[in-house]
Amino acid sequence: MSNLIRKQAVVADDPWQLLLLPAAAEEVKKQAGKPVLFKLTGAASVTPEQVSATVIPAGKVLVPLAVWLARKAELVGRLAAGEIGVWLETHELAETLVASQADLDAFPVIAIHIERFADDRAYSTAALLRTRYGFKGELRACGDVLRDQLFYLKRCGFDAFEIRADRSAEDALASLTDFSEPYQAAVVIDQPLWRRHAR
């Protein structure tokens, strides 16, 4: 069963395959003797060997940003056919994607992979893609996406949510309406509550 929630607040079939990179040895970084859990913003974390070893199947595929950047020439035809989307890790910059593809709306789907739910950078990246860069297509949250995040992810511009595999998308649907009137302005509501309602 699909775990994808779309903006119409329905659990929908997912024609897109999220393409993962081949495994590579990852350096464990420590600070004050403890492992650093989050990658540094803008840091390269994919090796050229991983990119070249990535096999891109037929059909609709969400490719990692590093694969898109390195193999754009072979993927532009499939992008034009609506078969290629791209996904970013939370530490990867939206600016990097924009520099490689000025018209972001050429991508039917852009996804942001949340490695750990406590990493809030996905919210900022989504807001930038919607506001500064004007992306109008499907913006998807995937990875460690939990029910409690959906309402806030939606306010930042996400309109599709791939719920973590061990959770139920049906149960998570209700969280999109947890609050009837948010106080603050956001990507989806451009004015705060006091401006939206006359006193």
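I count two residues as in contact when heavy atoms lie within 4.5 Å. The model I am reading is predicted.

**Entry: strand β7**

I began with strand β7, residues 84–89. How many of its residues are buried? I found 6 of 6, so the strand is mostly covered, buried being under 20% relative accessible area. I then checked the two faces and noted that both are covered. Ile84, Val86 and Leu88 lie on one side, and Gly85, Trp87 and Glu89 lie on the other.

**Entry: the neighbours of β7**

I looked up what pairs with β7. Strand β6, residues 61–64, pairs with β7 in the parallel sense over 4 bridges. Within that pairing I traced proline 64 to its bridge partner in β7, tryptophan 87. I followed the chain from β6 through helix α2, residues 65–80, to β7 and recorded a right-handed β-α-β crossover.

Strand β8, residues 109–114, also pairs with β7 in the parallel sense, over 4 bridges. Here I found tryptophan 87 opposite alanine 111 of β8. From β7 the chain passes through helix α3, residues 94–100, to β8, and I noted this β-α-β crossover as right-handed.

**Entry: histidine 113**

I turned next to histidine 113, which sits in strand β8. Is histidine 113 buried or exposed? I read a relative accessible area of 17%. That value is under 20%, so I entered histidine 113 as buried.

Which side chain makes a polar contact with that of histidine 113? I found glutamate 89, at 3.4 Å. Leaving out residues up to four places away in sequence, I listed what histidine 113 touches: Leu18, Trp87, Leu88, Glu89, Thr90, Cys142 and Gly143.

Note on methods
Residues are numbered from 1 along each chain as its sequence is written. This is a predicted model: local features need pLDDT of at least 70, side-chain atom pairs count only at pLDDT 80 or more; totals for chains, interfaces and linings use all residues. Side-chain values use heavy atoms; hydrogens and water are left out. Buried means under 20% relative accessible area, exposed over 50%, partly exposed in between (1.4 Å probe, protein chains only). Two strands pair if DSSP finds at least two bridges between them. A crossover is right-handed if, with the strands pointing away from the viewer, the path from the first strand over the helix to the second runs clockwise. A polar contact is a pair of N or O atoms within 3.5 Å; within protein, one must be able to donate a hydrogen and the other to accept it, and residues adjacent in sequence count only if both atoms are side-chain atoms.
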